[in-house]
Amino acid sequence: MFTVSLCMIVRDEEESLGRCLSTVYDLVDEIIIVDTGSTDRTKEIALTYGAHLFDFTWVDDFSAARNFAFAQAKMTYIFWLDADDVLLEVDRERFAALKALDNFDYDSVSMPYHLMVDERGKPVHYLRRNRLVRRKCNFAWHGAVHEYLAVAGEILHSEIAITHEKNKPYTDRNLQIYVRRKEEGEVFDPRDQFYFANELFDHARYEEAAEQYQLFLDGGLGWIEDQIWACQKQSECYAHLKQPEKQIQSLTRTLAIDLPRAEICCRMGAFFVEKQDFPKAIYWYRQATLLERPHSSMGKVDESAWTWLPHIQLCYCYDRIGDQRKAKIHHDMAKLYYPTHPSVAYNEAYFAKLEQLDWVEQ
């Protein structure tokens, strides 16, 4: 059985740190907590779980703090979490089973990161992150904001999920870091161009965000998944700015980057629903139902686009053109995926009423 150091960077996390550590403390062999300036009970809570506590002066650089945390680790592998992450019981069991494996010889283990779950506890948005890495590989974090861990070698893509349960309000901290860096004359690399655009978008600065996405895309150097995401978010910018021609152009640009994604097909379908052009909407939603998922993708996934959403929309579109038979088929498909969704319940009542009217007329 290999040993594990849990490494975390925190600041003012008294509301969430205990919850996080309670789901993982007994699965790891040491806990490294690097505090970047807490003024609440964060340190006290960390010590109750036997953590090794270190102070780190904040320098507007997440990678610097994370690399400092990694440098304190002593075990064979390093596992990292944020304070608003948890392991659910099924994932605790998977982690324990992984740790008990004989001849474990991987350099990194990726895990799904559930960014949002629905009322059933099923993931809505998720991506993969390299979470568990061999310490002697000396993998390092890069990027002051939206940092990433650069790994290489043998990678295991596990099903151990980390669930994000954020309870602190979002701030403009990351945006302001980017703005200061830009004002100081720094030239952003493609990754920072992309994440700067995301921060602008998240703060409703849509015109600036669209321009920043364009700068990133025109460079042609970003990761494929980031390019596709940038096109989708740029399209949303243009929707907010009431520029439909640019909106559809951003979506179609993805087709020149890689194979279609269900998320993009659903966005295309929604664009044509808005225009009441149901044949075109049907075409794109049908494409979403026919696609094969990319295997072991590290990019962000909207689970609804790959399951129930296109079927609900196809039900609506077919009904609008008077084809109730096909509408019912897609309602039944959506119901298989998500029987408790409000739209499924509404459609179920709608088709029951249609059947009753048919029976009365007969």
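**Exercise 1. Place M333: in which helix does M333 lie, and is M333 buried, partly exposed or exposed?**

Start with the chain: M333 lies in helix 13. Helices here are DSSP runs of H or I with at least four residues, strands are E runs of at least two, and both are numbered from the N terminus. This is a predicted model, in which local features need pLDDT of at least 70 and side-chain atom pairs pLDDT 80 or more, while totals for chains, interfaces and linings use all residues. Residues are numbered from 1 along each chain as its sequence is written, and side-chain values use heavy atoms, leaving out hydrogens and water.

Next, look at the surface. M333 has a relative accessible area of 30%, so this residue is partly exposed (buried is under 20%, exposed over 50%, partly exposed in between, with a 1.4 Å probe and protein chains only).

Finally, find L309. L309 and M333 are 24 residues apart along the chain, and their C-alpha atoms are separated by 10.0 Å.

**Exercise 2. Explore the largest nonpolar core: which members touch the most other members?**

First, the term: a nonpolar core joins buried Ala, Val, Leu, Ile, Met, Phe, Trp, Tyr and Cys residues through side-chain atoms within 4.5 Å.

Now the members. The largest core has 39 residues, and C7, F70, L149, F196, Y213 and C237 touch the most other members. Among the elements that give two or more residues to this core are strand 1 (4-10), helix 3 (62-71), helix 6 (190-202) and helix 8 (224-240).

Zoom in on C7. Leaving aside residues up to four places away in sequence, C7 touches I32, A69, F70, A73, I78, F79, W80 and L81 (contact means heavy atoms within 4.5 Å). F79 and L81 also appear in a second, separate core of 31 residues, which includes I33 and Y77 as well.

**Exercise 3. Describe two aromatic pairs: how are the rings of F194 and F216, and those of W308 and Y338, arranged?**

A search of the whole structure gives 22 aromatic pairs. Rings of Phe, Tyr and Trp (its six-membered ring) pair if their centres lie within 6.5 Å; planes under 30 degrees apart are stacked, over 60 edge-to-face, and the rest tilted.

Take F194 and F216 to begin with. Their centres are 5.3 Å apart with 40° between the planes, and the pair is tilted. F194 belongs to helix 6 and F216 to helix 7, so the pair ties together parts 22 residues apart in sequence. F194 is buried at 2% relative accessibility, and F216 is buried at 1%.

Then turn to W308 and Y338. Their centres are 5.4 Å apart and their planes stand at 80°, so this pair is edge-to-face. W308 is in the loop between strand 12 (301-302) and helix 12 (309-320), and Y338 in the loop between helix 13 (324-337) and helix 14 (342-361), so the pair ties together parts 30 residues apart in sequence. W308 counts as buried at 16%, as does Y338 at 5%.

To finish, F2, Y77, F104 and Y106 are linked by ring pairs into a cluster.

**Exercise 4. Look for disulfides: how many are found in the whole structure?**

The search finds zero, where a disulfide is a pair of cysteine sulfur atoms within 2.5 Å.

Check C137: the nearest cysteine sulfur belongs to C7 and is 15 Å away. C137 is partly exposed, at 27%.

Check C237: the nearest cysteine sulfur, that of C231, is 12 Å away. C237 is buried, with a relative accessible area of 0%.
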